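The following exercises concern the packing and side-chain pairing of a single model. Each task is followed by a solution in steps.

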Amino acid sequence: MPDDRWKKLEVWKKADDLALSIYKYTKKFPKEEIYGITSQLRRAALSIPTNIVEGYSRKGDKELARFVSISLGSLAEAKYLIYFSGRLKYFQANESIELTDGYDELGKMLWRFYEKVR
């Protein structure tokens, strides 16, 4: 399907994998956080790949750059929420490190992608 060209983007694949990891790890967050940190972290993590998809599906690099910029903001939000969740001991140390490292790598990829399309 020609509309699925974004599936070939390495930056999207990385964002998609990290969003999936967030969903898996947050399953064990306290139930009282379902409408709090769990929901906000999941939304921020999922916003990264969905904004890449939406931007890539628009016409022109200017539109794509705008949506990649939104993804960068969501990435910063997700990183902070991972940090904060770690302080609350919702993540094991290795999980927090794995996610933070993954988002650091994704941030570099997203920034390069943004620089290329803007």
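A nonpolar core is a set of buried Ala, Val, Leu, Ile, Met, Phe, Trp, Tyr and Cys residues joined through side-chain atoms within 4.5 Å. The model treated here is predicted.

**Exercise 1. The core**

Determine which elements give two or more residues to the largest nonpolar core, and identify the contacts of Leu106.

Solution.
1. The largest nonpolar core comprises 35 residues. Those with the most contacts inside it are Val11, Leu41, Ile48, Ile52, Tyr103, Leu106 and Leu110.
2. Two or more residues of this core come from each of helix H1 (10–26), helix H2 (37–56), helix H3 (61–87) and helix H4 (93–117).
3. With neighbours within four places in sequence set aside, Leu106 is in contact with Val11, Lys14, Ala15, Leu18, Ile48 and Leu75.

**Exercise 2. Helix H4**

Establish how the span of H4 relates to the expected value, and against which helices the buried residues of H4 pack.

Solution.
1. H4 has 25 residues, and 36 Å separate its first C-alpha from its last. This is close to the 36 Å expected at 1.5 Å a residue.
2. The buried residues of H4 include Glu95, Ser96, Leu99, Gly102, Tyr103, Leu106, Leu110, Phe113 and Val117.
3. These buried residues pack against H1, H2 and H3.

**Exercise 3. Aromatic pairs**

Characterise the geometry of the pair Trp6 and Trp12, then locate the partners Tyr25 and Phe91 in the chain.

Solution.
1. Seven aromatic pairs are present in the structure. In one of them, Trp6 and Trp12 meet edge-to-face, at 4.9 Å centre to centre and with 65 degrees between the planes.
2. The cut-off for a buried residue is a relative accessible area under 20%. Trp6 has a relative accessibility of 13% and therefore counts as buried; Trp12, with a relative accessible area of 13%, is buried as well.
3. Tyr25 and Phe91 also form an edge-to-face pair, at 6.2 Å centre to centre and with 85 degrees between the planes. This pair links distant parts of the chain: Tyr25 lies in helix H1 and Phe91 in the loop between H3 and H4, 66 residues apart.
4. Both Tyr25 and Phe91 are buried. Ring pairs join Tyr25, Phe29, Tyr90 and Phe91 into a cluster.

**Exercise 4. Salt bridges**

For the salt bridges Lys13 with Glu10, Glu95 with Lys28 and Glu63 with Arg66, state the placement of the partners in the chain.

Solution.
1. The structure holds nine salt bridges. In the one between Lys13 and Glu10, the closest N and O atoms are 3.2 Å apart. Both residues belong to helix H1, where three residues, about one turn of the helix, separate Lys13 from Glu10. Lys13 is partly exposed, at a relative accessible area of 33%.
2. Between Glu95 and Lys28, the closest N and O atoms are 2.4 Å apart. This bridge connects distant parts of the chain, with Glu95 in helix H4 and Lys28 in the loop between H1 and H2, 67 residues apart. Glu95 counts as buried because its relative accessibility is 6%, whereas Lys28, at 47%, counts as partly exposed.
3. Glu63 and Arg66 form a salt bridge with an N to O distance of 3.4 Å. Because they are three residues apart in helix H3, about one helical turn separates Glu63 and Arg66. Glu63 is partly exposed at 26%, and Arg66 is partly exposed at 42%.
4. Glu63 and Arg66 also belong to a network of salt bridges that links them with Glu54 and Arg58.

Conventions
Residues numbered from 1 in each chain as written. Predicted model: local features only at pLDDT ≥ 70, side-chain atom pairs only at ≥ 80, totals over all residues. Heavy atoms only, no water. Buried < 20%, exposed > 50% of the residue type's maximum accessible area, 1.4 Å probe, protein only. Helix = DSSP H or I, 4+ residues; strand = E, 2+ residues; numbered from the N terminus. Contact = heavy atoms within 4.5 Å. Phe/Tyr/Trp six-rings, centres within 6.5 Å; stacked < 30°, edge-to-face > 60°. Expected span 1.5 Å × (residues − 1). Salt bridge = Lys/Arg side-chain N within 4 Å of Asp/Glu carboxyl O.
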